[in-house]
Amino acid sequence: MSTNKIRFFYQGRVREVDSASPTRTVLQHLREDLHCTGTKEGCAEGDCGACTVVIASLVDGELEMRNVNSCIQFLPTLDGKAVFSVEDLKQPDGGLHPVQEALVECHGSQCGFCTPGFAMSLWSLYLKQEGQTQPPCRKTIDETLSGNLCRCTGYRPIIDAAVRMGELPAVSFDRATLKATLQGLQRDIMFSYTHDGQTFHAPRTLEEMAALRAAKPTATILAGSTDVGLWVTKQMRNLGDVIYT
Ligand code: FES
Ligand code: FES
């Protein structure tokens, strides 16, 4: 498996990217390269949640799904993972997912700019609730939506939708197939991706991390991107080599 391709799963197939800057964001890739424009850009600094997508990864061999801000996630961080955007909520018959249906029924959208982000955060909650007989409690709903801002609808109808979505006919999610797909994307060597003289390294162990740090003392250390992402999206800085922890 070539290490100089970013490989991830999106919309039913494995994607390979070999010509993007290591600091191109997931949001830029979805909207500008793949022309999937359901995901919105509000602030481009990880504050508003309009750009929320769900990322699936294997953690200690188990599937973990998290809602994240795609505006500050660099594309190579997707390697070996899967990304889900609001386009993925469309049902095989073209209909709405219960998350979207509930937002409609509860009047949870006005201008709609925040709505794809809310829908994806609610979807991550919907997945966690699978098999539960009780609706999520208010604290869980608040925590799930804490990264999503809405300036015109207000939050009560959206919170109502978080309860209502579980009362609608259920839609299941095939975790087993996704887990097998991600297993097939895992690498047995450290992932490094170079484009235009800039390299993104993703060490897998503390030893690899220490060796890289010693070899490249000026490389930018990247973790959750909440600061470093803004150096790119707001300050247009070239980060040079990146070591992703
Ligand atoms: S666009 Fe606002 S958090 Fe990403
Ligand atoms: S519906 Fe307009 S910002 Fe939320």
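1. Start with the layout: the protein splits into domain 1, made of 10-88 plus 175-244, and domain 2, which covers 92-167. Keep in mind while you look around that this is a predicted model.

2. Now for how the two domains sit against each other. Their C-alpha centres are 25 Å apart. On the domain 1 side 17 residues take part in the contact, and on the domain 2 side 16 residues do.

3. How much area do domain 1 and domain 2 bury between them? About 1300 Å², with 60% of it on carbon and sulfur atoms. Within domain 1, the residues that lose the most area to domain 2 are N67, V86 and R175, and together they make up 32% of what that side buries.

4. R175 is worth a second look, as its side chain also meets that of E130 in a salt bridge, at 2.5 Å from N to O. Across the interface of the two domains, one salt bridge is found. Polar contacts add to the picture: seven residue pairs make them across this interface, counting pairs with both residues at pLDDT 80 or more.

5. Which elements give two or more residues to the side of domain 1 that touches domain 2? They are β3 (52-59) and β4 (62-69). Of the elements, β3 gives the most to that side, with three residues.

6. Last, the make-up of that same domain 1 face: the residues touching domain 2 come out as seven nonpolar, six polar and four charged.

Note on methods:
Residues numbered from 1 in each chain as written. Chains lettered and ligands numbered in written order. Predicted model: local features only at pLDDT ≥ 70, side-chain atom pairs only at ≥ 80, totals over all residues. Heavy atoms only, no water. Domains from an automatic or database assignment. Contact = heavy atoms within 4.5 Å. Buried area = accessible area lost by both parts, 1.4 Å probe. Salt bridge = Lys/Arg side-chain N within 4 Å of Asp/Glu carboxyl O. Polar contact = N/O pair within 3.5 Å; in protein donor to acceptor, adjacent residues only side chain to side chain. Helix = DSSP H or I, 4+ residues; strand = E, 2+ residues; numbered from the N terminus. Nonpolar A, V, L, I, M, F, W, Y, C, P; charged D, E, K, R; others polar.
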